[in-house]
Amino acid sequence: MTRQIPEHAEYPDLVVGHPKHEAAGAEAVLRTLDASIRSLGPVRAARLLLDINQKDGFDCMSCAWPDPSHRSVVEFCENGAKAVTWEATPLKVPSSFWAEHPVSSLQDATEYWLGQQGRLVEPVYKPAGSDVYEPISWERAFALIGDRLRGLDSPDEAAFYTSGRTANETAFLYQLFVRAFGTNNLPDCSNMCHESTGTALTEVIGVGKSTIAYDDFGKSDLVIVMGQNPGTNHPRMLTALEETKRNGGSIVAVNPLPEAGLIRYKNPQKVRGMVGRGTAIADRHLQIRSGGDLALLQAVSKRVLDAEAAAPGTVLDHAFLAEHTAGFEAFAEGLAGLDEAEVLAATGLSSEEIDDLAARYIAADRVIITWAMGLTQQRRAVDTIKEIVNLLLLRGNFGRPGAGASPIRGHSNVQGDRTMGIWEKMPDEFMDALAREFSFEPPRKHGLDAVDTLHAMREGTVKVFIALGGNFVGAISDTAAAEEAMRGAALTVQISTKLNRSHVVTGEEALILPALGRTEVDLQETGPQFVSVEDSVCAVHASHGSIPPISDDVRSEVAIVAGIARATLGDSTGIDWAGMERDYDVIRDHISRVVPGFERFNEDVRRRDGFVLPNGPRDSRTWPTATGRAQFSANALDGIECPPGRLILQTLRSHDQFNTTVYSLNDRYRGIRKGRDVVFVNPDDLADLGLADGDRVDVVSEWPGEPDRVLPGQRIVAYPTARGCAAAYFPEANVLVSLSSTALGSNTPVSKAVIVRLEPVG
């Protein structure tokens with residue numbers, strides 16, 4: 001297959017340089033200040049940057065990384081500052097924009113261009129049969145939504161999506177409305193990122209969350225960083241990893257690509273980071289083949305068991321195993337026949353590299369294993385995370401300082417949203433408490449997750465789609481299928497701060513409702529309100545907006561949800577929607593009687609440090625599992641089969657990016673400027689394929705029984721990836737991921753193991 005390259009490439013000024021070997025430092029400071037001051041002006045920029053992540057300020061919307069107890073004056077990273085600058089821009093989308101830009105004219109607009117148009121400042125409506133959004137009053141918008149929802153044959157014909165930036169109070173109100181309406185169709189961004197984590201951890205330790213505190217990084221002897229790029233996706237983590245190194249601990253990075261932040265960190269708040277060489281982070285980089293993490297973890301666990309067999313009583317924590325675990329014998333028996341050749345083929349590593357990791361693990365008294373979407377978006381993601389727990393259990397690395405399991409969430413309150421009930425499968429205990437508090441019977445039938453929502457929309461069984469934030473069309477896999485599904489809906493509603501792809505791929509009718517940003521003061525009838533968030537280590541704290549709203553016609557997410565609820569349900573439920581909108585303390589009082597750990601919510605959240613939710617495995621080595629113990633698991637080894645002439649591709653973010661939001665066309669740490677149409681491939685693989693750096697190719701994905709999917713006209717970048725692997729940017733490469741390709745047990749899209757071939761463009 002050959003295709004002629006378009007006469008004008010999408011990014012004609014693309015520049016490819018060399019990848020960097022260090023992150024942050026003076027360059028990050030200069031770029032942060034330049035972007036902030038140019039977009040906001042010096043006064044507005046200073047006010048916002050000095051408030052971000054402070055105890056009386058607002059929580060950064062760009063990640064869920066926890067805040068230290070003793071915070072610096074500048075408690076933010078480069079990408080956090082860019083997220084604030086992006087949201088707090090004074091640029092507005094004018095009313096004239098809609099008539100000048102019919103929806104059809106925006107179909108080819110990039111996410112970058114859409115985001116650059118400014119803040120949404122008025123509700124707009126696209127009627128059926130029209131190609132143009134037009135301004136609409138809030139009252140008419142709410143009435144229209146209520147009318148369409150009440151007109152459905154069943155509440156299950158609607159789906160209600162949630163983005164992870166949604167605060168606790170809004171999330172609780174939203175799920176309450178959805179369940180009072182009569183459905184559990186609550187897909188959210190967790191379904192696309194850390195669902196595998198929650199599924200695995202809940203089964204084997206009883207809690208689907210991190211089992212460490214922020215300070216544990218500084219107390220750990222060994223931190224194993226798997227499938228993540230902290231330097232871009234959660235840069236403040238590098239400060240915690242630096243503490244590990246400064247206190248004598250070691251770090252091993254396990255990732256198909258070398259990442260600048262895991263090579264060397266130049267802490268911009270330290271003299272050594274600004275003028276010195278900074279801190280070398282990873283003592284060892286294991287450049288694993290995509291999808292090989294399960295095999296690696298099993299091989300390390302087997303080496304630990306072998307070491308115990310060679311010196312009985314000296315390696316395993318037998319007291320911990322006897323008192324706190326179940327299933328050890330079956331687990332050990334399952335590893336007895338592990339095939340080393342199969343492990344090496346799956347991982348692309350040498351036996352010596354695996355030996356080294358096992359030796360480091362055995363020598364360390366306190367071990368943290370931390371991971372992100374590089375693991376959770378694999379086909380065997382759930383089993384891989386269970387293997388992390390297996391390895392940690394062997395030496396009692398739970399429930400003590402410097403040790404534990406540490407999933408790193410990518411969105412600021414994605415974990416809190418789940419705690420508040422944003423899940424299609426909430427347990428009966430939560431539903432019972434909801435029923436007692438609000439005197440109605442919530443639906444008990446499990447609802448639809450993100451992938452199943454798209455299937456239902458394509459089949460015509462879900463007709464109304466409402467999104468509380470986010471960019472569902474841009475973020476989900478199989479772009480063509482997602483857009484087909486969305487265009488088949490009767491009504492789509494987006495509650496948003498800025499334009500994105502989900503606003504231009506619409507149902508027959510469409511609404512955009514402009515929401516307050518995290519940075520803005522939320523003034524309701526009883527006065528200024530605050531909201532709260534839960535970070536990656538189960539800490540809950542308040543977030544206060546600090547600048548005036550962009551427009552008088554923008555409403556808070558709480559007010560928008562309450563307005564939809566009143567218009568849809570009226571007084572039928574007896575729930576005081578208006579009272580909760582007037583005073584968010586009322587919402588928190590309800591939460592205190594429904595959600596465990598929040599019993600004194602209004603009091604505890606007003607503490608300057610907030611409060612930490614209880615966590616049995618971390619706090620007391622107690623395990624709310626079926627057996628009452630931490631559960632070992634036996635998992636089959638099943639490597640990825642990659643046919644000759646093919647590569648295993650993963651999607652990833654650029655440095656100037658947060659989720660689907662693209663701040664610029666640069667990826668500084670990987671040497672890319674002024675473009676995104678690239679595919680990263682190992683030079684030796686290029687030689688084998690008869691291709692070269694700079695060639696243009698179509699990236700073609702293969703999924704059994706389905707037509708090929710194509711990401712056209714990508715510029716090959718020779719890059720030090722693992723052999724047999726490739727990478728391309730999210731969300732553009734989502735088009736390559738079949739909607740049928742999901743993780744076993746969690747239904748998360750498999751964006752880290754896409755079999756592709758590269759077809760030259762003539």
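At 11% relative accessibility, Glu483 counts as buried, and in this predicted model the residue forms a salt bridge with Arg487, the closest N and O atoms being 3.6 Å apart. Both residues belong to helix 24, which covers residues 479-487, and they are separated by four residues, about one turn of the helix. The two ends of the pair are covered to unlike degrees, because Arg487 has 41% relative accessibility and counts as partly exposed, whereas Glu483, under the 20% limit for a buried residue, has 11%.

A comparable pair is made by Arg600 and Asp604, whose salt bridge has its closest N and O atoms 3.4 Å apart. Here Arg600 is partly exposed at 43% relative accessibility, while Asp604 is buried, with a relative accessible area of 8%. Salt bridges that share partners also build one network out of Lys20, Glu27, Arg31, Glu78, Lys82, Asp656 and Arg668. Altogether, the structure holds 59 salt bridges.

Within that network, the salt bridge between Asp656 and Lys82 brings the closest N and O atoms to 2.4 Å. Asp656 sits in the loop between strand 23 (647-652) and strand 24 (657-658), and Lys82 sits in helix 3, so the pair ties together parts that are 574 residues apart in sequence. Both partners are buried, Asp656 with 8% relative accessibility and Lys82 with 10%. Side chains of opposite charge can pair when their charged atoms come close.

Helix 3 (78-87) also bounds a loop that starts after helix 2 (42-51), and Val73 is found in this loop. In contrast to the buried Lys82, Val73 is exposed, with a relative accessible area of 63%. Together with Leu50 and Val74, Val73 forms a nonpolar patch on the surface, and the three residues have about 260 Å² of accessible area together.

From the surface, the description can turn to the strands. Strand 6, made of residues 222-226, is mostly covered, with five of its five residues buried. Leu222, Ile224 and Met226 point one way from the strand and Val223 and Val225 the other way, and all are buried. In a regular strand the side chains alternate between the two faces of the sheet. Strand 6 runs parallel to strand 7 (residues 250-254), to which five bridges join it, and in this pairing Val225 stands opposite Ala253. Strand 6 also pairs with strand 12 (residues 367-371), again in the parallel sense and over five bridges, with Met226 standing opposite Trp371.

Elsewhere, three strands form an open sheet in the order 19-20-21, with antiparallel pairing. Strand 19 (531-534) and strand 21 (611-612) stand at the edges and have a single partner strand each, so one side of each is left without a neighbour in the sheet. Strand 20, residues 539-543, is joined to strand 21 by two bridges, and these strands run antiparallel. Val540 has Phe611, in strand 21, as its bridge partner. Helix 7 (residues 168-181) packs on the sheet, where it touches strand 19 and strand 20, and the direction of helix 7 makes about 90° with that of strand 19.

Notes:
Residues numbered from 1 in each chain as written. Predicted model: local features only at pLDDT ≥ 70, side-chain atom pairs only at ≥ 80, totals over all residues. Heavy atoms only, no water. Patch = residues over 30% accessible without salt bridge, like charges linked within 9 Å, V, L, I, M, F, W, Y side chains within 5 Å. Areas by Shrake-Rupley, 256 points an atom, 1.4 Å probe, with all protein chains shown as cover. Salt bridge = Lys/Arg side-chain N within 4 Å of Asp/Glu carboxyl O. Buried < 20%, exposed > 50% of the residue type's maximum accessible area, 1.4 Å probe, protein only. Pairing = 2+ DSSP bridges. Contact = heavy atoms within 4.5 Å. Axes fitted to C-alpha atoms, helices over the stretch in contact; angles between N-to-C directions.
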